[in-house]
Each structure stands twice: as C-alpha cells, then as structure tokens.
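Colleague: Could you take a close look at a single part of this model for me? I would like one connected account of a strand, its partners and the cysteines of the neighbouring sequence.

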Amino acid sequence: MAPELSSNWKILQARLKAGSASEPASSSSTSASPSAPANNKKRKSASDDQDSKPKRKRTRTFSFPKKQPTNTTSATSSTEKMGAVSSQPVTSTAPLTNQPSIQFLRQNHGISHESLSEAYNLTISPTLLSSLPSHPNQGLSPTASLDRTKYLAIDCEMVGFGPGGVDSSLARVSITDFHGTQIYDSYVLQREKVTDWRTAVSGIAPKHMRDARPFSEVQAEVAKLLKGRIVVGHDVKHDLKCLDLDHPMKMIRDTAKFSGFKKYGNGPKPALKALAKEILGLEIQTGQHSSIEDARVAMLLFRKHKPAFDMEHANRYPEDVKTKPKPNKAGKGKKSKRK
C-alpha cells in the first residue's frame with residue numbers, strides 16, 4: 001500500500017502544480033507556502049488601512065453631525081434651565097423693591113420721606129403724574145402724614161373783582177407733598193363781588209362757591225401747613241400775596257426764579273407750561289388750569305434739579321458761620337496772674 005500511496009500523492013501534486021500554473025492569482029491566495037503568510041499579512045495590513053480610512057470617514061460623517069446639534073441643544077437647554085431656575089427664586093422670594101427697608105427706616109429711625117427718596121433715588125415719573133388721585137375741595141387730607149415732611153408745593157387759582165376784573169382774589173388753593181400726594185385743597189368764599197370768574201383759565205365757576213370755605217379758615221389752615229417747611233411753587237409770591245401770608249425767602253424754592261430755567265422763557269420768567277413741556281415732556285394747561293396739577297409739576301421740576309436749586313440757594317442765602325472763641329493765651333491749667 002505504500003507504493004500506491006506515494007504514486008497517488010505524486011499524481012495529486014502534479015495536478016496541483018498544473019492548476020497553480022493556470023491560475024496564479026487564485027493559487028497565490030490559497031497556497032500554503034511559508035512565504036504566503038507574510039504576503040498575506042502585508043496585504044491585510046494594506047487592505048486594513050484602506051478599509052479603516054473610509055470607515056473613519058463614515059464614522060465622522062455619520063456620527064459628528066448628529067452629535068453636534070444634540071450637544072449644542074443640550075447645552076443651550078441646560079443654560080436656559082439654569083437661567084430659569086436661578087431667576088425664579090429672585091422674583092418669587094426676593095421681589096425687587098425698597099419699600100420694606102424704607103418703611104423700617106421711617107418708623108424706627110425717624111428719617112423723612114424726602115431724605116429717603118434722595119437716598120434711594122425715588123422720583124415721580126411724569127407719565128404717572130396724571131394717575132395720582134385728586135380730590136377737589138377735600139380740605140386737609142385725612143391720610144396726610146406731615147410729621148416728617150420738609151417740602152410742600154403750593155398753587156392757587158384766582159378770580160377777578162373790581163372794574164374789569166383786573167384785581168385778583170383767591171378762589172382755590174392746593175398743596176401737595178414731596179411725592180405729589182395731595183395734602184390740602186379747598187375752594188374759597190369770595191369777600192368781594194366777582195366781576196370776572198376767569199373760568200376758561202381758572203376753572204372756577206359760581207357753582208364751586210356752594211361748598212367753599214371762608215377765607216379766614218383757609219388762611220389759618222394753609223399757614224399752619226407751611227410753617228417751618230420749604231415751600232415750592234411757580235412765582236410763589238403771588239400765591240402768598242392772595243393768601244395774605246408771609247414766608248421767609250430762604251424757605252422758598254421758586255421755579256420761576258431759578259437761573260437754570262431762564263433759557264426756556266421768552267421774557268424774564270419762563271411759564272410753567274413751557275417748563276413742563278421742555279423739561280418733563282408734559283402737556284399741561286391745555287384748557288382750564290388745575291391748581292393740584294400745577295403744584296405737582298412745580299415739585300417735579302424742583303426734584304429733577306434739586307442739587308442745582310440747593311447750590312443756588314446756598315450762594316444766595318449763606319449761613320452765618322459762628323466763629324469759635326479763641327483759646328486763652330495762658331494755656332489750659334494755668335491761671336492768669338492778678339495785677
């Protein structure tokens with residue numbers, strides 16, 4: 001059996017050689033020679049490199065566009081969530097208002113409204129001026145708080161008496177505080193026969209005299225309110241004259257005499273209507289005048305330029321500086337000799 005096996009083996013080898021010669025590509029790939037594994041490794045490495053490059057490109061083109069929007073959206077959503085979370089406690093638990101601290105300072109430390117408004121920069125908005133309530137002929141407001149009020153604004157309306165209604169008589173007086181809140185308002189009974197009601201300008205008509213107060217009562221109440229306080233108004237001397245009252249000049253802040261407002265007037269004194277339009281952007285006195293509105297506008301003009309008002313007032317009415325007594329030349333602890 002050994003010779004048969006060897007001859008068959010030889011025949012098989014011859015056939016294999018003949019097939020390998022006819023098909024070199026297939027035989028080289030399927031041959032089991034010792035050099036074949038090395039070639040196969042090189043080919044595999046080259047093919048792996050070629051295969052790996054497109055695979056990397058595929059992974060980049062396939063995965064990167066998908067991951068990028070998801071990451072950015074997640075980042076933006078996370079930041080939005082963070083912003084929303086951080087802003088919610090501020091608005092809900094800690095509202096942005098100074099009222100609690102202001103009330104605390106007022107009640108426990110005796111600080112005035114005006115000082116608190118200056119410290120916290122609280123101003124009257126011109127757009128909110130018309131929303132403040134007005135109560136004509138109310139007299140002294142029952143809710144008025146004057147314990148620490150330093151500034152009051154005043155404005156009056158007059159009617160005419162005498163020949164041609166040239167002479168003026170007090171018909172209405174209005175007083176507001178530093179914040180524009182109404183403190184006092186009253187119609188005034190006429191002591192003389194009215195020859196010109198000036199209704200188109202003053203807004204006063206005979207019907208307003210039905211519930212008007214006597215002049216003496218109004219004069220006494222206004223004098224009590226103004227005493228010891230700084231009076232703000234426009235051309236205040238006319239208001240005080242019709243009330244037959246005197247007030248120290250150093251305790252008056254007049255918007256008609258303030259040097260910073262002279263450029264807004266055609267004459268020596270600018271009109272309140274012009275100041276309201278040029279400085280505050282408000283249209284007032286388009287028809288009948290309102291003494292409450294005029295008082296509020298005068299106070300708003302003063303507050304807007306209060307530092308300049310204070311500086312001009314200090315230069316006009318300088319305070320008397322008290323000189324300190326000179327120390328004894330002999331010095332402390334030494335007694336002067338008697339002659």
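What follows is a request about one strand and a single reply to it.

Colleague: Is strand β3 largely enclosed or not, and why? Which strands does β3 pair with, and in what sense?

Modeller: Bearing in mind that this is a predicted model, strand β3, which covers residues 167-177, is largely enclosed by the rest of the structure, because nine of its 11 residues are buried. On one side of the account stands strand β2, residues 151-161, which pairs with β3 in the antiparallel sense over 10 bridges, and within this pairing M158 is placed opposite L170 of β3. The two strands form a hairpin with five residues between them, and in its turn G162 has a positive phi of about 85 degrees. β3 also pairs with strand β4, residues 182-187, again in the antiparallel sense, here over five bridges, with S174 of β3 standing opposite D185 in β4. Four residues lie between the strands in this hairpin, where G180 adopts a positive phi near 85 degrees.

As for the cysteines, C156 belongs to the residue range of β2 and counts as buried because its relative accessibility is 6%. Its closest cysteine sulfur is that of C242, at 4.1 Å, which is too far for a bond, given that a disulfide requires the two sulfur atoms to lie within 2.5 Å. C242, at 14% relative accessibility, likewise counts as buried, and the structure holds zero disulfides.

Conventions: Residues are numbered from 1 along each chain as its sequence is written. This is a predicted model: local features need pLDDT of at least 70, side-chain atom pairs count only at pLDDT 80 or more; totals for chains, interfaces and linings use all residues. Side-chain values use heavy atoms; hydrogens and water are left out. Buried means under 20% relative accessible area, exposed over 50%, partly exposed in between (1.4 Å probe, protein chains only). Two strands pair if DSSP finds at least two bridges between them.
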